[in-house]
Amino acid sequence: MRIILHAGTVTTDEGRLIATLRRDAEAHAARGVALPPPERYRTLLRDTLVSMRRAAPAPDARAVLLDAMLDRPETEVARLVLSNDRFFAAPQQAFAGGALFPQAEERLANLRRLFPEDPIELRLAIRDPATFLPAVMAVRKSETLEEIMEGLAPQDLRWSGLIARLRDSVPEVPITVWCDEDSPVLWGALLRDLAGAETESEVSGAFDLLEEIMSEEGVARMRDYLAAHPDLTEALRRRAMLAFLDKYARPDMVEQELDVPGWTEETVADLTAAYDADVARIGRMEGVTLLSV
């Protein structure tokens with residue numbers, strides 16, 4: 001059984017990918033794909049991983065977890081999709097000790113120990129620190145950015161460092177990464193990737209995010225264009241969607257208020273430039289697949 005862990009990161013997915021996939025849960029089940037509701041496993045899995053900091057997992061830990069997650073025999077499941085945007089850390093521990101998700105590699109390694117014979121793959125969304133940090137501040141409302149980051153400077157935040165730590169800790173776990181900013185265009189591809197689906201017809205909701213941030217006219221024109229060009233490669237489909245988004249985006253949905261004390265336009269520009277370079281670095285990492293538009 002192959003396990004696909006969508007760890008997300010705080011303030012990126014908020015459970016939408018798995019919720020969208022679960023619309024087609026029965027159809028996916030017929031293909032051997034299990035999409036258990038997160039409430040079945042998030043707390044149980046978290047508690048199990050926490051307990052593994054003190055002792056080795058019980059011999060029957062895997063069986064207990066699968067019994068809680070699955071509603072059918074394990075023999076009928078070829079692919080198990082788990083999703084938790086707080087798998088690496090809750091917002092309160094995101095920068096504990098001045099490091100980005102300091103427990104991330106331990107948690108992934110312990111998941112590997114829980115399922116030693118099952119191939120595991122990690123899916124991870126990252127986000128521009130210029131918007132990621134204000135979003136974390138919005139969650140941790142009573143704290144300043146300096147208190148939240150515990151000594152880590154915003155300009156030193158590097159997702160590539162987190163991914164390198166994960167690769168060093170559990171090199172047998174391949175990682176697929178995408179930028180949260182690209183999610184509206186990548187949404188259909190992300191749904192297919194998590195579910196192991198081959199065609200657009202096997203998933204629903206591929207345009208959900210685009211429909212939220214584009215005008216109705218833009219969505220209609222985009223759908224008509226894609227329907228009239230069914231032979232486009234995936235890369236060309238994404239370029240077409242991006243072009244329609246550029247033209248028909250709703251300003252009230254795509255513009256973000258970045259109100260961080262002490263930040264200037266130059267601060268935001270510098271953070272975004274460093275993020276772009278970091279994303280390019282991630283794309284060159286061994287064992288990492290970068291999805292992009």
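1. Contact here means heavy atoms within 4.5 Å. In that sense, the buried residues of helix 6 pack against helix 7 (145-149), helix 8 (159-169) and helix 14 (265-283). The model under review is a predicted one, and the points below should be read accordingly.

2. Burial of helix 6. Of the 11 residues in helix 6, 9 are buried, so the helix is largely enclosed by the rest of the structure. The buried set consists of Pro129, Ala130, Thr131, Phe132, Leu133, Pro134, Ala135, Val136 and Met137. At the start of the helix, a side-chain oxygen of aspartate 128 comes to within 2.9 Å of the backbone nitrogen of alanine 130.

3. The largest pocket. Its volume is about 940 Å³. There are 28 lining residues, and those closest to the pocket centre are Asp180, Glu181, Pro184, Met253 and Gln256. Two or more lining residues come from each of helix 1 (16-21), helix 6 (129-139), helix 9 (183-195), helix 10 (208-213), helix 12 (234-248) and helix 13 (251-254). Helix 9 gives the most, with 4 residues. By class, the lining of this pocket has 14 nonpolar, 6 polar and 8 charged residues.

4. The second largest pocket. The volume here is about 290 Å³. Its lining is made of 16 residues, with Arg46, Asn84, Arg86, Ala90 and Arg107 nearest the centre. Helix 3 (residues 42-51) gives the most to this lining, with 5 residues. The lining divides into 7 nonpolar, 4 polar and 5 charged residues.

5. Asparagine 84. This residue, one of those nearest the centre of the second largest pocket, sits in the loop between strand 3 (79-83) and helix 5 (104-114). Is asparagine 84 buried or exposed? Its relative accessible area is 13%, and buried means under 20%, so asparagine 84 counts as buried. Its side chain reaches the backbone nitrogen of arginine 86 at 2.8 Å; arginine 86 is also among the residues nearest the centre of that pocket. With neighbours within four places in sequence left aside, asparagine 84 is in contact with His6, Ala7, Gly8 and Arg42.

6. Cavities. The structure holds 3 cavities of 30 Å³ or more, and the largest cavity has a volume of about 70 Å³. What lines the largest cavity? The lining is Val185, Gly188, Ala189, Arg192, Glu200, Ala206, Phe207, Glu234, Arg237 and Met241. Helix 9 and helix 12 each supply at least two of these residues, and helix 9 gives the most, with 4. The classes are 5 nonpolar, 1 polar and 4 charged.

7. Helix 9 against helix 12. The axes of these helices come within 8 Å and cross at roughly 145 degrees. On the helix 9 side the contact is made by Val185, Leu186, Ala189 and Arg192, and on the helix 12 side by Glu234, Arg238, Met241, Leu242 and Leu245. The contact has 6 nonpolar, no polar and 3 charged residues. Val185, Ala189 and Arg192 of helix 9 appear both in this contact and in the lining of the largest cavity. From helix 12, Glu234 and Met241 likewise take part in the contact and line that cavity.

8. Aspartate 208. This residue is placed in helix 10. With a relative accessibility of 14%, aspartate 208 counts as buried. Its side chain and that of arginine 23 are joined by a polar contact of 2.3 Å. Apart from neighbours within four places in sequence, aspartate 208 is in contact with Arg16, Thr20, Arg23 and Trp187.

9. Arginine 31. The residue is found in the loop between helix 2 (25-30) and strand 2 (33-34). It is partly exposed, with a relative accessible area of 31%. Its side chain reaches the backbone oxygen of glycine 196 at 3.4 Å. Setting aside neighbours within four places in sequence, arginine 31 is in contact with Ala195, Gly196, Ala197 and Glu202. How far apart are arginine 31 and asparagine 110 in space, C-alpha to C-alpha? The separation is 28 Å, for residues 79 apart in sequence.

Terms used
Residues numbered from 1 in each chain as written. Predicted model: local features only at pLDDT ≥ 70, side-chain atom pairs only at ≥ 80, totals over all residues. Heavy atoms only, no water. Buried < 20%, exposed > 50% of the residue type's maximum accessible area, 1.4 Å probe, protein only. Polar contact = N/O pair within 3.5 Å; in protein donor to acceptor, adjacent residues only side chain to side chain. 1 Å grid on protein atoms, 1.4 Å probe; cavity = no way out; pocket = protein on both sides within 12 Å on 5 of 7 lines; lining within 4 Å. Points joined across faces, edges and corners; volume = space filled by probe spheres on them. Nonpolar A, V, L, I, M, F, W, Y, C, P; charged D, E, K, R; others polar. Axes fitted to C-alpha atoms, helices over the stretch in contact; angles between N-to-C directions.
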